[in-house]
Amino acid sequence: PEGAARRHANGAQGIAAVHVGVDDVAATLQRYRMLLGPEAVAQDGVVQLKDCRVVVHAEPRRARGEGPSRISLRGASDAGVPVDPALAHGVRFEAG
């Protein structure tokens, strides 16, 4: 979208990174390699999707299962990213 629909009150202009907690990092990265090609997955566990990174980290036995744990917003200021954890299902939001 363009215009007012694209402007957010916290200044966010998109998602810079999604941090994903998984049981098995190696298996998860292999699935990303098969889906996106080996060039999309760096040795440090970062998956590059155009201008957004997916950072995979070990977080076994999460109460909610595998999934996002933190989202970094592009262009947002630290003061402008308050999100009620209850509404975000435990995912933390931060300026990226």
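Patches here are made of residues with over 30% relative accessible area and no salt bridge, with like charges joined within 9 Å and nonpolar side chains (Val, Leu, Ile, Met, Phe, Trp, Tyr) joined within 5 Å. A salt bridge is a side-chain nitrogen of Lys or Arg within 4 Å of a carboxyl oxygen of Asp or Glu.

This is a predicted model, in which local features need pLDDT of at least 70 and side-chain atom pairs count only at pLDDT 80 or more, while totals for chains, interfaces and linings use all residues. Residues are numbered from 1 along each chain as its sequence is written, and side-chain values use heavy atoms, leaving out hydrogens and water.

Let's start with the whole chain. It has one helix and five strands (DSSP runs of H or I, at least four residues, and of E, at least two, numbered from the N terminus), in the order β-α-β-β-β-β from the N terminus. The chain exposes about 6,300 Å² (Shrake-Rupley method, 1.4 Å probe, with only the protein chains shown as cover for residues), and carbon and sulfur atoms supply 56% of that area.

Now to the surface: Leu35, Leu36 and Leu49 form a nonpolar patch with about 260 Å² of accessible area together.

Two strand residues can be set side by side (buried is under 20% relative accessible area, exposed over 50%, partly exposed in between; 1.4 Å probe, protein chains only):

| Residue | Element | Relative accessibility |
|---|---|---|
| Leu49 | strand 2 (residues 46-49) | 33%, partly exposed |
| Ser69 | strand 4 (residues 67-74) | 14%, buried |

The side chain of Ser69 makes a polar contact of 3.4 Å with that of His57 (N or O atoms within 3.5 Å; within protein, one able to donate a hydrogen and the other to accept it, and residues adjacent in sequence count only if both atoms are side-chain atoms).
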